[in-house]
Structures are given as C-alpha cells and as structure tokens.
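This report describes a single protein chain from its overall fold down to selected side-chain contacts. The sequence and the model are shown first.

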Amino acid sequence: MNLNSSHLSNSSYPQELTEDPHLVATVELPAPDTSPIATSELGNYQAQRNHSLIMQKADALRQTLEQHRQERQLVILQDFPDPDALSSAWTYQLIAQEYEIHCDIVYAGTLSHQENIALVKLTGLPAQRWTVQAAKSKDLSMYTGCALIDNQGTTSQLLSVVQESGIPITAIIDHHSFQGDLKAEFIDLRPTVRATATIFTQYLQAGLLKLDSSVAQHIKCATALMHGLRSDTDRLMQAQEEDFLAAAYLSRFYDAQLLNAILQANRSKRVMDVIERSLKNRIVQNNFSIAGVGYLRYDDRDAIPQAADFLVTEENVHTAVVYGIVHDEDEELEIVVGSLRTTKLTLDPDEFIKEAFGQDSHGRFFGGGRTSAGGFEIPIGFLSGYIETSEYAKKKWEVFDAQIKQKLLRLVNPKDNPIQTE
C-alpha cells in the first residue's frame, strides 16, 4: 500500500452486487465533476443526472415501503451510534410511518459522547439500547424486517441475533464503503456522499416526507439531521455541493438554538483523562500519531474517537490512531476499539484500516472508514478476562498494544516494514 498515491475511492460496486436480482436500486451516484475545464452545460447535465438518480432511489424506497405497509421493523444502528446514524434512523422511522410501518430504533452499545447524549435527550430521539442478551430474550416474531442505517452490519452485535431469528433485511442505507455481501430488498450505498444525513435529506426533498415547520417533531428531526450532516462533514469543512444543498434545505426547518445547546455539551472528566493518556502514550512517525490508552469502561468508549480528534490537530501530524481495550461488564467481554482521523487527502481510511487489520474467519473486516475518519473493533475472545490481577491485565495490554502498533507501523513505515505483494 503506497500512502503517497491517491486512495480516495470512487470505484463502482462489486459486480455481484449490481447483478443480484434481489437487490433494488444499487446504482452509485457519480462524484461531482471537479474538472477545471468543466463547462456550465456539463455541470447542468451532471446536476440533472444526479437529480434523476436521486429520484430513482427515492421511488425505489417508496415502492419497497409500500410493499410492507402496516408491518413492524427494527432499525439497527452501529453499537455506538453517532449523530449521523441517530438522525438518519429517526428520519427513516418518520418516513416509514407514512406507510403505517412501526419502527423501533435499536443499538447494542451505549451513548457516551456528550453530544450524542445531548442530542437524544434534548430532541427526544426515540432510540433504545438493546444488549445482545436482552435481544436474545425478546420475542422478535413481531418484526417482519429490519433496516441497517449508516452501517452495513459490521459494527453491530445485534445483526447476528436478528438474522438468527429469521428477520430479513428490508433496507441498507449508508455512505460508507462497501463492507460485505448482505442482501436486502433496497440498497442505497453512496461512499462519495459525506453523510447518510445528506441521503435522507434528499429523500425528504424527493417527497417521501413533507416537513412541516409547525410540527415540533419535524423541527427536532431536521435539527438532528443538520447536526448529523455537520458532524460527518467536519463542520461542513469536508462538505460537497450536495451536502451544502441538503443543509440549505434543512435550514428552513431546524432549530438553531436547539442545535447550539447540543453542541455546547461539555466533555466529562473521564474523556479528558483518556485524552491526557493519549498525549502521554503517543508515538509520532512519518506524520502519524499512534496512541494506546489502555483499559476503558464500556460507557467511556466514545472517548477514543474524541482523543483521535484531538491528536490529529498536533503540528506535523496528518493522521492519528487511538485505541484501547474496552471492557463490557454486561456482556462479559473485552474488545480492542480504535479510531482513525486524518487530514491527508490521499489517505483512504477505509483501505488503510482494512489492510492493517484484515478480516475475521468469516471474511468480515475488523474495521473500515469514510473520508477523513475510520474505526476498528477486534474481539479479544479467549483472552478476555473478568477476574484478573493487575499484573496479568498489564501483560495482556502490553501484548495487544505491541500487536496493534506492529500492524499500523508496517503501513506507516513501509520501507522499514515491507509488505509482501504479488
């Protein structure tokens, strides 16, 4: 992997995805034309084509939902949902209500980032935490389908439980790169779009739901979408034309004071402690800052991406990777969780993380990413310990810390750690 060459992927989806007759609307929207010689006529043609494809997507989703009128669905989020996932799932729920479909929004992890907690509390966003054990004990026979929003199942523990119950996947709507071979009635994957909130705003503009500024729930949902869009585009600094157009549409409905209250949420002392650990433990090589932060409580998991956000702001650093061992007492397991943040335009976080950590025995990647950000989760499995001495825990951390660093440094320093290629 050559980090000095462009890894910003605009490739089309795998051939088998587009040819599967069970999949609906899998055409990728083209990236905006940024050629300096593009004429206004070409720009107008591309805008018209984009609009046509968006309308096709919206119509395909409309037809899919119509076929499931008066049913009940699960909306599955990643274990640690961010504002983009939460707001998009809420929008899907409101759109589905137009077809008398009742949706329950669920996630297996926790909300630990202060802004995510504020978003849910201040807007009344109807997301529920289901642990894996709780999900297994529930009667899932009432659900006739599920939707994966802002994920493709690789970051959710709930998908396997749902699949074991025989619940089919109705829809997959995401802006991350292709993660695996899942079949669904409707698929809308757009890695060239900066936020899933942008995709859902386009659905609103296409008429799947008419927002009404006199309806409090619509105002709060529009505010959540604006926060999700803002969050995943780094305060619109990474936004493209379609993201700005989506934000312009949402500006008619969102509550600026409510959004400001969400953004003013303060970091907890535990998050600051993790950031301090990342500063103390970081190593910087070839403009990469790599830091292991040791053991964290499950509820403090979101401190890891916040620490990565902080480290990437250091002078002469373009990419930061922060990781730690997260202990989940409820499920009695431990997992290595990491986050990547980068300002290097020619580094593709999805490709970098997949090459660094590879796949599990079932062929599923341990992580992935999107423009400027990525993450990974690696189960510890047999070596998970619940009652252990501090000395044993220290040794275990040293082993995993060394292994993670080795896998990262072989890409960061390819000359010192050559990768064998055919």
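The sections below treat the chain as a whole, its nonpolar core, two helices, the salt bridges, and some surface and loop residues.

## The chain as a whole

The model is predicted. The protein chain has 14 helices and 12 strands. Of its 422 residues, 54% count as buried. Contacts across long stretches of sequence are well represented: among contacts with a separation of 6 or more, 70% are between residues 24 or more positions apart. The chain exposes about 19500 Å², and carbon and sulfur atoms supply 49% of that area.

## The nonpolar core

The largest nonpolar core has 55 residues, and those with the most contacts inside it are Tyr92, Ile95, Ile173 and Tyr203. Helix H3 (residues 83-97) provides the largest share of this core, with eight residues. The surroundings of Ile173 illustrate the packing. Setting aside residues up to four places away in sequence, Ile173 touches, among others, Leu61, Tyr92, Leu148, Phe186, Ile199, Phe200 and Tyr203. Its neighbours also include polar and charged residues, among them Asp150, Asn151, Asp188 and Thr196.

## Salt bridges

The structure holds 19 salt bridges. Three of them are listed here with their N to O distances.

| Salt bridge | Distance (N to O) |
|---|---|
| Arg190 and Asp188 | 2.8 Å |
| Asp234 and Arg235 | 3.5 Å |
| Arg341 and Asp309 | 2.8 Å |

The pair of Arg190 and Asp188 lies in covered surroundings: Arg190 counts as buried because its relative accessibility is 0%, under the 20% cut-off, and Asp188 is buried as well, with a relative accessible area of 0%. Asp188 is also one of the residues that Ile173 touches. In the second pair, Asp234 is partly exposed, with a relative accessible area of 33%.

The side chains of Arg341 and Asp309 also meet in a salt bridge. This pair links distant parts of the chain, with Arg341 in strand E10 (residues 333-342) and Asp309 in helix H12 (residues 303-311), 32 residues apart. The two partners fall into separate accessibility classes: Arg341 counts as buried at 17% relative accessibility, and Asp309 counts as partly exposed at 36%. Salt bridges that share partners also join Lys57, Asp188 and Arg190 into one network.

## Helix H13 and its neighbours

Helix H13 (residues 349-357) is mostly covered, with seven of its nine residues buried. The buried residues are Pro349, Asp350, Phe352, Ile353, Lys354, Ala356 and Phe357. They pack against strands E8 (288-297), E10, E11 (367-370) and E12 (373-379), and against helix H14 (390-412). Strand E10 thus appears both here and in the salt bridge of Arg341 with Asp309.

Both ends of H13 have local features. At its start, a side-chain oxygen of Asp348 reaches to within 3.0 Å of the backbone nitrogen of Asp350. Just after the helix, Gly358 takes a positive phi of about 70 degrees.

## Lys405 in helix H14

Is Lys405 buried or exposed? Lys405, which lies in helix H14, counts as buried because its relative accessibility is 15%, under the 20% cut-off. Its side chain is joined to that of Tyr323 by a polar contact of 2.9 Å. Leaving out residues up to four places away in sequence, Lys405 touches Ile283, Ile290, Gly292 and Tyr323.

## Surface patch and loop residues

Phe382, Leu383 and Tyr392 form a nonpolar patch on the surface, with about 370 Å² of accessible area together. Leu383 lies in the loop between E12 and H14 and counts as partly exposed, at 37% relative accessibility.

Two loop residues have notable backbone angles. Most residues other than glycine have a negative phi. Glu100, although not a glycine, has a positive phi of about 60 degrees. Glu100 lies in the loop between H3 and strand E2 (102-107) and is partly exposed, with a relative accessible area of 45%. Asn286, likewise not a glycine, has a positive phi of about 50 degrees. Asn286 lies in the loop between strand E7 (283-285) and E8, and its relative accessible area of 46% makes this residue partly exposed.

Key
Residues numbered from 1 in each chain as written. Predicted model: local features only at pLDDT ≥ 70, side-chain atom pairs only at ≥ 80, totals over all residues. Heavy atoms only, no water. Salt bridge = Lys/Arg side-chain N within 4 Å of Asp/Glu carboxyl O. Buried < 20%, exposed > 50% of the residue type's maximum accessible area, 1.4 Å probe, protein only. Helix = DSSP H or I, 4+ residues; strand = E, 2+ residues; numbered from the N terminus. Contact = heavy atoms within 4.5 Å. Polar contact = N/O pair within 3.5 Å; in protein donor to acceptor, adjacent residues only side chain to side chain. Core = buried A, V, L, I, M, F, W, Y, C linked by side-chain atoms within 4.5 Å. Patch = residues over 30% accessible without salt bridge, like charges linked within 9 Å, V, L, I, M, F, W, Y side chains within 5 Å. Areas by Shrake-Rupley, 256 points an atom, 1.4 Å probe, with all protein chains shown as cover.
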